[in-house]
Every structure is written in structure tokens, then in C-alpha cells.
Amino acid sequence: MTAHSAGTASERGSLPVAVISLLLATLFWAGNYVIGAAAVTTIDPLSLVLLRWSIAVIPLLVIAQLTERPSWRQVFAAWPWLIAGSLFGLLGYNLLLYAALQHTDAFDASLINAFNPALITLAAAVFLRERLNPRAAAGVLIALAGVLVVLSGGNLATLLSGSGFGTGQLLMIGAIIAWTAYTITGRRGPRLPPVTSTAIQAAIAVLVLTPISLATDGPTLPATGDAVWALVFIGIFPSVLSYLLWNRALTVLPAAGAGVFLNLITVYTATFTILAGHPYTPAQIVGGGIVIAGVILTNTPSRRVPARTADQRQEQT
């Protein structure tokens, strides 16, 4: 067997592992919606974000050192970008997400979040001058139509009257705008090892939120066993393991191909919602399907996506 054929066989063997890694990573991120919705009934959003990253920061730093062995001087030299990323992504996105989950269900929030890849594509065309071909533009418009179906409950006239937006939906729209800003900022900044970047941003989030929390009577701690387990899940699975699995998959699959798997977050959340017996509407199912179709069209292989796009998206949820 030649060296080339051996390498090809190795890649084939790694492909199933990469796919399983993506399936698990998105499963855990979907769990952040479902478990997060339960957690915010007893823990306020600011405390939840602070406790989440307080749990995750040490494992992330250790894993970054062991797996990426970064040049810490080079990493810290990018401090303006790391602060901006933490404020937009780990703080802004998650605070708005958990606040949204106080007012709307996890399924509705995940449907709005499904529009995020299309919004990032549009923002990249505007702010980064990336080419937006007709297929990608059509995908953005289709995904937007799906979001409007979800927001209006299937009655678009309610949007025109100004009564179609609930508090949770508005907060979730703010969350995906924050994540889009995070992604664009990350793509303009220097290239950093992804786990290392996440670890430092988590540390910044803890440093920023700790004095704010102490000034407001301290963080709300989980009061029940279920709340403790919910916090542990959020701090470990979507905050640490998802990033490791995602970056493991990116060593085998192209970023654009991996990015399509992000649509599974909505699929998983919908499945959890239905299995748990929570109510859902036809508008959510139809609108969610339209959003996912639009995002897949936006990210078809004919459109070239820089490898770092998915690296920045993966830190979402």
C-alpha cells in the first residue's frame, strides 16, 4: 500500500468519527436550550452565565494547553479581539439567550437561532465584502421568510401591526445579532487556536461578570438537586465537550460541510420538545423547515466559505 492510499484509508476511517463528533456536539448545544430553559426558572440569566463559564474555564484552559500548546504571548497580544469576542459571544449571546428562555420556549428560541448562519452570511457580505452569489442570497431570503413565519405564528399580518413580536422573540433576535457581531469580529481578528481562544474568552467573561454579580447581591445558586445537575450539564457538555468534538471534526471535514450540521440544533430541540409533550404549533414546524432549507441553500458547496467561519460559529450556544 502506498503512502497516499494509506492516508486515504486513514481519512475514510476518521470520517465516521468526525460525523459522530458533530452529532454529539450539536446534541449538547441543543441541550443548552432545553436544560437552559429549565435552569432559568430558578437561576437568573446573569448568574447562569457566570456559573457556566466558572465551571468551564479551568477544563478549557487545561485542554488548550495539552492539545494546542499555544504561544501564550501571541494569544495575549490579541487581547482587544479576545475582549470583543467575549463581550459579544460568551457574554452577550448567552445573556440574551437565557433571558429569552425566560419568556419563550426552547423550540421557539432554537428556530430563531437557526437563522443565524444566514444572517452571518449577509453580515459578511456587508462588513467583510465577501461575495454573496445568487444562490446564497436566495437562501438568506428563504431563511428570513421562515423566521417571519415563526415570529408571526403563521399570520404575517401580525408583524405589520407590530403585535407579532413577543419579549422572548425580541431577545432572541438580539442574541443572534450579538452572535453575528461575534463571528464577524472573530474573522477580522488574528487567527488563534480555537480552544485556547474560547478558554481566554471564558476567563474574561468570569472576570467581567463577577464584580457585577457581587454588586447585585451575588450570584443565584441552584437551590435544588435538579438545578445543580442542570448547571453541571451546561458547564460541561455544551461549554467544554461540544467545542472539543467540533474542533476534532474540523480536522477531517471542511468547515462548510461541518457548518450544515448546526441545523441539527433545531432538529434536536424540536425532537426533545415533542417527546416531552410540550405544545408546538404548525407555524413552528413549517417555519423551522423553511429556515433550515434556506440555510442549507446558503451554505451549499458551490459557495466558498473560509475555514474559520465554522470555527467561530461553533462557539455559539
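This briefing walks through the pocket, the aromatic pairs, the salt bridge and a few single residues of the structure above. Keep in mind that the model is predicted. Two headline items: the largest pocket has a volume of about 210 Å³, and a search of the whole structure turns up one salt bridge. There are also eight aromatic pairs to pick through, and a helix, α5, that is largely enclosed by the rest of the structure.

**The largest pocket**

- Start with the volume, which comes to about 210 Å³ for the largest pocket.
- Its lining is made up of V34, A37, D105, A106, F107, F272, T273, A276, H278 and P279.
- Three helices each put at least two residues into that lining: α1 (3-39), α5 (106-113) and α13 (264-275).
- Sorted by type, the lining residues come out as seven nonpolar, two polar and one charged.

**Helix α5**

- α5 is one of the helices that supply the pocket lining, and eight of its eight residues are buried, so the helix is largely enclosed by the rest of the structure.
- By name, the buried residues of α5 are A106, F107, D108, A109, S110, L111, I112 and N113.
- Two of these, A106 and F107, also turn up in the lining of the largest pocket.
- D105 is worth a look at the start of α5, where one of its side-chain oxygens comes to within 3.0 Å of the backbone nitrogen of F107. D105 is itself part of the pocket lining.

**Aromatic pairs**

- The total for the structure is eight aromatic pairs. One of them joins Y93 and W179 edge-to-face, at 5.2 Å centre to centre and with 65° between the planes.
- Y93 sits in helix α4 (residues 79-101) and W179 in helix α9 (residues 167-188), so this pair ties together parts that are 86 residues apart in sequence.
- Y93 and W179 are both buried.
- W179 also pairs with Y182, this time tilted, with 4.5 Å centre to centre and 40° between the planes.
- That second pair stays within helix α9: W179 and Y182 are three residues apart there, about one turn of the helix. Y182 is buried, as is W179.
- Elsewhere, F28, F233 and F237 make up one aromatic cluster.

**The salt bridge**

- The one salt bridge found in the whole structure runs between E130 and R187, whose closest N and O atoms are 1.8 Å apart.
- E130 belongs to the loop between α6 (116-127) and α7 (134-152), while R187 is in helix α9, so the pair ties together parts that are 57 residues apart in sequence.
- R187 has a relative accessible area of 11%, which is why it counts as buried.

**Positive phi in two loops**

- R69 is not a glycine, yet has a positive phi of about 45°. Look for R69 in the loop between α2 (45-67) and α3 (72-77).
- With a relative accessible area of 60%, R69 is exposed.
- R129 is another non-glycine residue with a positive phi, near 60°. This one is in the loop between α6 and α7, which is also where E130 of the salt bridge lies.
- R129 counts as exposed too, at 75% relative accessibility.

**Helix α11**

- N247 lies in α11, which spans residues 225-249, and a polar atom of the N247 side chain is 2.8 Å from the backbone oxygen of Y243.
- N247 has a relative accessible area of 14%, so it counts as buried.
- V240 is in α11 as well, and is buried with a relative accessible area of 4%.
- V240 and T198 are 42 residues apart along the chain, and their C-alpha atoms are separated by 9.3 Å.

**A long-range approach in α7**

- V140, a residue of helix α7, counts as buried at 5% relative accessibility.
- From C-alpha to C-alpha, V140 and L297 are 8.3 Å apart in space, while in sequence they are 157 residues apart.

Notes:
Residues are numbered from 1 along each chain as its sequence is written. This is a predicted model: local features need pLDDT of at least 70, side-chain atom pairs count only at pLDDT 80 or more; totals for chains, interfaces and linings use all residues. Side-chain values use heavy atoms; hydrogens and water are left out. Helices (H or I, at least four residues) and strands (E, at least two) are DSSP runs, numbered from the N terminus. Buried means under 20% relative accessible area, exposed over 50%, partly exposed in between (1.4 Å probe, protein chains only). A polar contact is a pair of N or O atoms within 3.5 Å; within protein, one must be able to donate a hydrogen and the other to accept it, and residues adjacent in sequence count only if both atoms are side-chain atoms. On a 1 Å grid over the protein atoms alone, a cavity is a set of points where a 1.4 Å probe fits but cannot get out, and a pocket is an open set with protein on both sides within 12 Å along at least five of seven lines; lining residues have an atom within 4 Å of a point. Grid points are joined across faces, edges and corners, and a volume is the space filled by probe spheres set on the points. Ala, Val, Leu, Ile, Met, Phe, Trp, Tyr, Cys and Pro count as nonpolar, Asp, Glu, Lys and Arg as charged, and the others, Gly among them, as polar. Rings of Phe, Tyr and Trp (its six-membered ring) pair if their centres lie within 6.5 Å; planes under 30 degrees apart count as stacked, over 60 as edge-to-face and the rest as tilted. A salt bridge is a side-chain nitrogen of Lys or Arg within 4 Å of a carboxyl oxygen of Asp or Glu.
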